[in-house]
Amino acid sequence: MKNTPQGKNIVIIGSGIGGLSAGILLSSLSYPVTIVEKNPLPGGLMRSYRRGGLDCPVGVHYVGALGEGEPMGRIFDALGVQTSDLFTPMGNDGVIDRYIFDDFVFELPTAIENYEDNLRRAFGPESEQISTFMNNLREIHRRMLNPAFLINQGDPFQNIDYLQPLGEYLDKLAVSPRLRAVISVPCELFGVPSADCPVLLHHMVLAGYLFSAWRLKENGSRMTDVLAQRFRDLGGQIILNDGAEKILISEGMVRAARLDSGRVIPADYIVADIHPKILLGLMDSNTLRPAFAQRILDLKETNGVICAQISVDAAAHPETAHNTYRLQTNEKGEIKDGVFYQIRQGNDQANLLSIITRSFYEEWSDWENTVSGSRPKDYSAKKYALAEELLEKAQNIFGPLKNARVIDVFTPLTIRDYINCPQGSCYGVMRSAQQLLKIASINNPPIGGLLLTGQNALAPGVLGSILGSFEVTRKIIGTQEFNHKFRWQG
């Protein structure tokens with residue numbers, strides 16, 4: 001069965017980067033694949049949108065490890081997509097991220113060697129701690145270059161020490177509060193506090209950007225369109241404005257997907273590129289063992305975010321080659337609050353300043369039962385007032401912002417409605433040390449032909465979503481065939 005795809009229909013629910021990449025991989029193997037999407041356009045958080053004549057990003061602000069031979073570079077090669085068509089390298093001023101704390105500044109540079117140099121210059125008396133930390137980081141860096149990394153996400157997990165929380169690991173190293181703060185910043189990129197973040201995930205994210213860091217040349221809509229067209233060119237079909245309403249299951253096997261329109265699409269495999277809690281609602285309540293279903297329901301979510309999109313004068317505020325973080329810590333050096341800033345090229349008159357900071361779902365409980373496009377004026381008043389506060393604080397970083405104007409704001413409720421994510425988290429379930437093994441277990445639901453990708457992959461962000469699609473493909477065709485088709489064996 002695994003080597004004869006003819007007649008094996010595959011339905012993918014959701015057209016985010018995980019769903020589209022899974023569709024490309026499976027279509028390239030001659031499987032008939034249909035992607036169903038509830039929204040009028042594909043892409044999920046990958047897709048950007050336009051306001052005030054500017055392209056506003058949602059979920060893709062920068063990406064790591066896209067260079068030749070690097071993990072994401074090899075992934076896009078397998079997808080048949082030229083990274084040079086979509087991305088441009090960051091850090092031409094030698095800096096990827098600038099971390100601004102209350103009393104010092106640290107710059108995340110390009111290349112792992114430069115990162116170590118910066119650490120040693122900033123924290124010279126902690127040479128021994130830095131050496132231990134860098135040795136561990138280099139081990140993950142090296143493992144990520146191994147072709148097995150793309151086949152088996154479990155490979156790096158063989159060292160149980162990498163599953164411990166970063167906070168616990170740094171306690172054992174006895175680092176200073178300042179060094180702890182600098183090391184912990186990558187945890188902010190996928191919404192897990194350093195006290196709970198598995199060392200492995202922290203190292204994977206940090207190593208990815210130290211391989212190389214990239215921005216989109218144009219926008220997320222262009223990236224979506226390229227991936228969607230690649231999928232269609234391989235024979236795949238995308239159904240828009242018609243989400244999955246029910247997964248039809250009998251005798252422990254998936255049989256079909258019924259859409260909101262009532263259309264039924266037969267399926268031998270269904271790949272869910274959606275939040276696992278939403279997946280539960282697509283099946284009868286007695287389909288899964290109560291303990292398995294409860295395990296999903298008990299998963300803790302990461303915090304949501306509020307994002308203010310600001311139009312600024314293009315001549316006065318050119319695109320910056322790096323991102324900026326304004327960070328606040330407690331006495332131990334743990335990050336208690338942070339704001340992300342990115343200035344991107346817009347048009348001749350205006351550039352885009354994106355400002356992102358955490359926002360708790362509970363802050364928006366007054367409007368929890370409303371939907372995007374029909375929320376009352378007091379909701380808009382609140383979110384725009386918060387955006388104006390963020391804009392005011394941004395001027396402490398960039399100085400007076402000429403012709404600054406808030407052109408859009410999105411909140412956890414926006415994200416919740418757009419991608420069906422409970423509590424509006426753009427990072428999905430929290431990949432904490434306590435939950436990591438639970439998340440791994442739900443990637444193997446006890447229903448024949450039902451597979452999960454997207455937010456359910458172990459790694460976070462774009463890398464995790466696409467790795468999830470590779471894992472789905474491997475499960476469908478088998479490891480040996482996967483190795484042969486994609487030539488991962490070195």
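Partly exposed here refers to a relative accessible area between the 20% that bounds buried and the 50% that bounds exposed. In this predicted model, Arg-51 falls into that class because its relative accessibility is 36%. Its partner tells another story: Asp-408 has a relative accessible area of 10% and so counts as buried. The two side chains meet in a salt bridge, 3.5 Å from N to O. Asp-408 sits in strand E19 (residues 405-410) and Arg-51 in strand E3, so the bridge ties together parts that are 357 residues apart in sequence.

That bridge belongs to a set of 24 in the structure. Another one joins Asp-225 to Arg-47, with the closest N and O atoms 3.0 Å apart. Here helix H10 (residues 220-233) supplies Asp-225, while Arg-47 comes from the loop between strand E2 (33-36) and strand E3 (49-51), so parts 178 residues apart in sequence are tied together. Asp-225 is partly exposed at 41% relative accessibility, whereas Arg-47 is buried at 9%. Glu-107 and Arg-98 also pair up, their closest N and O atoms being 2.4 Å apart. Both ends of this bridge are partly exposed, Glu-107 at 29% and Arg-98 at 24%. Salt bridges with shared partners also link Glu-116, Arg-120 and Arg-138 into one network.

Turning to the interior, nonpolar side chains in soluble globular proteins tend to be buried together. The largest nonpolar core in this model has 112 residues, and the members touching the most others are Met-72, Tyr-115, Leu-119 and Phe-133. Helix H9 (residues 199-211) gives this core its largest share, 10 residues. A separate core of 29 residues lies apart from it and includes Val-11, Ile-13, Val-36 and Ile-270. Beyond its neighbours within four places in sequence, Tyr-115 contacts several residues, among them Phe-106, Phe-133, Ile-183 and Leu-210. Tyr-115 also turns up in a cluster linked by ring pairs, together with residues including Phe-106, Phe-133, Tyr-209 and Phe-340.

Aromatic pairs number 16 in the structure. Trp-364 and Trp-367 make a tilted one, 6.0 Å centre to centre with 45° between the planes. Trp-364 pairs edge-to-face with Tyr-379 as well, at 5.6 Å and 70°. This second pair links the loop between strand E18 (350-359) and helix H13 (377-398), home of Trp-364, to helix H13 itself, where Tyr-379 lies 15 residues away. The three rings are buried: Trp-364 at 0%, Trp-367 at 7% and Tyr-379 at 4%. Charged side chains join in too, with Lys-382 over the face of Trp-364 at 4.7 Å from the ring centre and Arg-375 over that of Tyr-379 at 5.2 Å.

Key. Residues are numbered from 1 along each chain as its sequence is written. This is a predicted model: local features need pLDDT of at least 70, side-chain atom pairs count only at pLDDT 80 or more; totals for chains, interfaces and linings use all residues. Side-chain values use heavy atoms; hydrogens and water are left out. A nonpolar core is a set of buried Ala, Val, Leu, Ile, Met, Phe, Trp, Tyr and Cys residues joined through side-chain atoms within 4.5 Å. Buried means under 20% relative accessible area, exposed over 50%, partly exposed in between (1.4 Å probe, protein chains only). Helices (H or I, at least four residues) and strands (E, at least two) are DSSP runs, numbered from the N terminus. Contact means heavy atoms within 4.5 Å. Rings of Phe, Tyr and Trp (its six-membered ring) pair if their centres lie within 6.5 Å; planes under 30 degrees apart count as stacked, over 60 as edge-to-face and the rest as tilted. A charge sits over a ring if NZ of Lys or CZ of Arg is within 6 Å of the ring centre and within 35 degrees of the ring normal. A salt bridge is a side-chain nitrogen of Lys or Arg within 4 Å of a carboxyl oxygen of Asp or Glu.
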